[in-house]
Amino acid sequence: MRRALRLASAGYTAPNPMVGCVLVRDGVEVGRGFHRYAGAGHAEVAALKQAGNAAAGATAYVTLEPCCHWGRTPPCTQALIQAGVKRVIAAITDPNPQVAGRGMVELKEAGIEVESGLLASESRKLNESYFYFQEHHLPFITLKAGVSLDGKMATRSGHSQWITGEQARRHAHRLRAKQCAIVTGIGTVLQDDPLLTARVAGAMNQPVRVVVDSCLRIPPTARVLHPPKMLERARKGEPFPATVIATTDAAPDERCRELERLGARVVKFPADGGEHVDLLAMVKWLGAEGMTSVLIEAGGRLGGAFLEANRVNKVVVYVAPILIGGSGAPSFWEGEGSDRLLDAPRLQDVVGRWVGGDFMIEGYLPAAGGLVQADARIA
């Protein structure tokens, strides 16, 4: 099952779950497979194809309950039954209402031995955004930041490149490649002019870039509007996700049209009672667009607004062993903050490890429905 989980993590399947499958007969692995991308053959089908006739009488170790409905591909339950698989061990039940235990029942009724629960928490963590989306119909939101040891994202003059080292930055790009969307604020665009692409060799996904810009201050030359491979892919007929500009209903229509002529998608949202985009309305829209996972890479004002709105499920912080100082240097949570330590949100299920010369801390905020695992640990 651990091997199946490692296989599963190689795919990018949103809005579907990542799934791996290993077939074993007489103690010998005879087939393996994983779901590569949405619309491709599922893990069980790939493993069965590799195993051929050896699948008859084998045990299938699957990281998620096999699907029993027609989608873009046929049901995996029928493929397992027709191949003569003797036993299916699934890590966890699929929360999708179209499955939700029905796949296990179908296999049992066909005479296949069925078990579940093996490495269930690991399987849920692998697909935490999928499970959250199925349960709440909202994207799973991760706030990511690179900070100094004293919690600063930049110097008081705004200089921020680079606080963290090369290995941490590569790790952050791999994190980007697993997200449906990256959200940043207009302040970050004006200060740093980021691309917000996942610069990973062989990346199977480029996330949609979302810029929160209530007053449409984004310049037409901003790099986030012109990712380097967009025109190249367009010439080849390959899709490249458009940059979304999230603004308010008060945004001038002519300015919206100017940005749309540049290839951006401008989406208007209600204001939050002031001049800013209503974040909950934007999050609901992202969910309605089928985006199961969202990464926040923003300054302290927007990041703090997401935290104060209880919209962050997970926090990933890369801490560099450097001291910046200065009362004017920004941190990744500005805004009101907490009045009392008792009110300050405390991360749960914390994992920490070195990534090159920087220390990465990852944890969950259950107030937003964050995934709660076992006890905290340092690896």
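Me: At what angle do the axes of helix 11 and helix 12 cross, and within what distance do they come?

Reply: In this predicted model, the axes of helix 11 (residues 279-288) and helix 12 (residues 300-308) cross at roughly 80° and come within 10 Å. An angle of 65 to 115 degrees counts as roughly perpendicular. Helix 11 and helix 12 are therefore roughly perpendicular to each other.

Me: Which residues make that contact, and how do they divide by class?

Reply: Helix 11 contributes Leu 279, Met 282 and Val 283, while helix 12 contributes Leu 302, Ala 305 and Phe 306. By class, the contact of helix 11 with helix 12 has 6 nonpolar residues, with no polar and no charged ones.

Me: How should I read the packing of helix 3 and helix 4: what are the angle and the axis separation?

Reply: Angles under 35 degrees count as roughly parallel. Helix 3 (residues 76-83) packs against helix 4 at an angle of about 20°, and their axes are 10 Å apart. The two helices, helix 3 and helix 4, are therefore roughly parallel to each other. The crossing of helix 3 past helix 4 is right-handed.

Me: Which residues of helix 3 and helix 4 meet?

Reply: From helix 3 come Thr 77, Gln 78, Leu 80 and Ile 81, and these meet Gly 103, Glu 106 and Leu 107 in helix 4. By class, the contact of helix 3 with helix 4 has 3 nonpolar, 3 polar and 1 charged residues.

Me: Where does helix 4 lie with respect to the strands?

Reply: Helix 4 (residues 102-109) lies across strand 4 and strand 5, and runs at about 155° to strand 5. Strand 5 belongs to an open sheet of 5 strands with the order 2-1-3-4-5 and mixed pairing.

Me: Which strands stand at the edges of this sheet, and why is one side of each left without a neighbour?

Reply: Strand 2 (28-34) and strand 5 (113-116) stand at the edges; each has a single partner strand, so one side of each has no neighbour in the sheet. On average, neighbouring strands of this sheet are turned by 15° against each other, direction ignored. Within the sheet, strand 3 (residues 59-62) and strand 4 (residues 87-90) run parallel and are joined by 4 bridges. Val 62 has Ala 90 in strand 4 as its bridge partner.

Me: How many residues of strand 9 are buried, and which lie on each side?

Reply: A residue counts as buried under 20% relative accessible area. In strand 9 (residues 243-248), 6 of its 6 residues are buried. Thr 243, Ile 245 and Thr 247 lie on one side, and Val 244, Ala 246 and Thr 248 on the other, so that both faces are covered.

Me: Which strands are joined to strand 9, and by how many bridges?

Reply: Strand 8 runs parallel to strand 9 and is joined to it by 4 bridges, with Ile 245 as the bridge partner of Val 211. Strand 10 (residues 265-269) also runs parallel to strand 9, through 5 bridges, and Val 267 in strand 10 stands opposite Ala 246.

Me: How should unusual backbone geometry be read?

Reply: Most residues other than glycine have a negative phi, and most peptide bonds are trans. Here the peptide bond from Ala 14 to Pro 15 is cis, with omega near 10°. Pro 15 is in the loop between helix 1 (2-8) and strand 1 (20-25).

Me: Where are Asp 193 and Asp 349 found, and is each buried or partly exposed?

Reply: Asp 193, with a positive phi of about 50°, is found in the loop between helix 8 (186-192) and strand 8 (208-212). Asp 193 is partly exposed, with a relative accessible area of 28%. Asp 349 has a positive phi near 55° and is found in strand 13 (residues 348-355). Asp 349 is buried, with a relative accessible area of 10%.

Note on methods:
Residues numbered from 1 in each chain as written. Predicted model: local features only at pLDDT ≥ 70, side-chain atom pairs only at ≥ 80, totals over all residues. Heavy atoms only, no water. Pairing = 2+ DSSP bridges. Axes fitted to C-alpha atoms, helices over the stretch in contact; angles between N-to-C directions. Contact = heavy atoms within 4.5 Å. Parallel < 35°, antiparallel > 145°, perpendicular 65-115°, else oblique. Left-handed = near helix turned anticlockwise from the far one by under 90°. Nonpolar A, V, L, I, M, F, W, Y, C, P; charged D, E, K, R; others polar. Buried < 20%, exposed > 50% of the residue type's maximum accessible area, 1.4 Å probe, protein only.
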